[in-house]
Amino acid sequence: MVLALVGLVVGLFRLFILLQNERRVRQQLNHPQQLSANNALARVLSAAQGPSSRLEDLELRIDEAILGELPKIERGQSLVKLFAGLAPRLGLLGTVLSMITTFQNISLYGSSDPKFLAAGISQALITTVLGLLAAIPLLFCRSLMSARSRILLQVIQQKGLALLAQQHRHEPSSNAVDQ
């Protein structure tokens with residue numbers, strides 16, 4: 001349960017940060033001319049502004065800026081995913097250990113008391129349930145984090161490509177023949 005609690009705290013905190021980033025990006029979309037350093041989209045678009053006007057250089061700067069934002073956007077997801085995968089395995093470990101203890105006690109003291117056997121099986125089932133109860137909310141949280149970060153990244157990539165397309169339209173054709 002501690003694993004689930006820590007995972008949910010991390011997941012909900014990172015989800016809150018993602019939603020804040022999405023809100024800031026939406027604000028940036030409403031005011032595209034005023035680049036602010038408090039959102040990923042503005043940082044990507046401002047990275048495109050530089051001394052070189054060549055399309056290839058612009059594309060490299062945008063790609064580099066997007067790759068720089070990716071770890072910030074996806075931070076915490078692998079930890080929540082690890083906890084979600086670890087929780088049921090810890091429950092299974094508790095089940096196996098409870099059954100081993102139960103069978104060792106039966107071999108030492110005999111099986112004359114069914115309450116003794118039932119207590120061991122009950123403990124084994126409780127550890128399984130706790131592992132699953134820990135994993136299920138973590139899986140939902142991880143899925144939500146992944147979806148939100150994917151949406152945010154798509155918006156940033158889309159606007160970066162739009163900037164490239166706009167720059168390409170304004171670039172003088174390199175195939176023009178001098179007369």
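**A walk through a helical model**

Hi everyone, let's begin on one residue: I100 sits in helix α4. Keep in mind that what you see is a predicted model.

Is I100 buried or partly exposed? With a relative accessible area of 40%, I100 is partly exposed. It also has company: together with L86, L90, L92, L93, V96 and L97, I100 makes up a nonpolar patch on the surface, and the patch has about 580 Å² of accessible area.

Now look at T102, which also belongs to helix α4, residues 77–109. T102 has a relative accessible area of 4%, so it counts as buried. Which residues does T102 touch, if we leave aside its neighbours within four places in sequence? The contacts are F116, L117, G120 and I121.

Next, the salt bridges. How many does the structure hold? There are 3.

One of them brings together the side chains of E22 and R148, at 2.4 Å from N to O. This pair links distant parts of the chain, since E22 is in helix α1 and R148 is in helix α5, 126 residues apart. E22 is buried, at 6% relative accessible area, while R148 is partly exposed, at 24%.

Another joins R43 and E69, whose closest N and O atoms are 2.8 Å apart. Here too, distant parts of the chain are linked: R43 lies in helix α2 and E69 in helix α3, with their positions 26 residues apart in the numbering. R43 is partly exposed at 28%, and E69 is buried at 5%.

E69 has a salt bridge with K72 as well, at 3.6 Å from N to O. Why can these two meet within one helix? E69 and K72 are 3 residues apart in helix α3, so about one helical turn separates them. In general, an α-helix has 3.6 residues a turn, so residues three or four places apart point the same way. Through shared partners, R43, E69 and K72 end up in one network.

Let's stay with helix α2, residues 40–48, for a moment. Its buried residues are A40, L41, A42, V44, L45 and A48. At the start of α2, a side-chain oxygen of N39 comes to within 3.1 Å of the backbone nitrogen of L41.

Finally, confidence. The chain averages a pLDDT of 84, and 91% of the residues score at least 70. Among the elements, helix α1 has the highest mean, 90, and α2 the lowest, 82. Over residues 174–179, pLDDT stays under 50, and the model has 0 contacts there beyond four places in sequence. Where pLDDT is low, the predicted coordinates should not be read in detail.

Thanks for listening!

Terms used. Residues are numbered from 1 along each chain as its sequence is written. This is a predicted model: local features need pLDDT of at least 70, side-chain atom pairs count only at pLDDT 80 or more; totals for chains, interfaces and linings use all residues. Side-chain values use heavy atoms; hydrogens and water are left out. Buried means under 20% relative accessible area, exposed over 50%, partly exposed in between (1.4 Å probe, protein chains only). Helices (H or I, at least four residues) and strands (E, at least two) are DSSP runs, numbered from the N terminus. A polar contact is a pair of N or O atoms within 3.5 Å; within protein, one must be able to donate a hydrogen and the other to accept it, and residues adjacent in sequence count only if both atoms are side-chain atoms. Contact means heavy atoms within 4.5 Å. Patches are made of residues with over 30% relative accessible area and no salt bridge: like charges are joined within 9 Å, nonpolar side chains (Val, Leu, Ile, Met, Phe, Trp, Tyr) within 5 Å. Accessible areas come from the Shrake-Rupley method with a 1.4 Å probe; for residues, only the protein chains shown count as cover. A salt bridge is a side-chain nitrogen of Lys or Arg within 4 Å of a carboxyl oxygen of Asp or Glu. pLDDT is the predictor's confidence in each residue, from 0 to 100.
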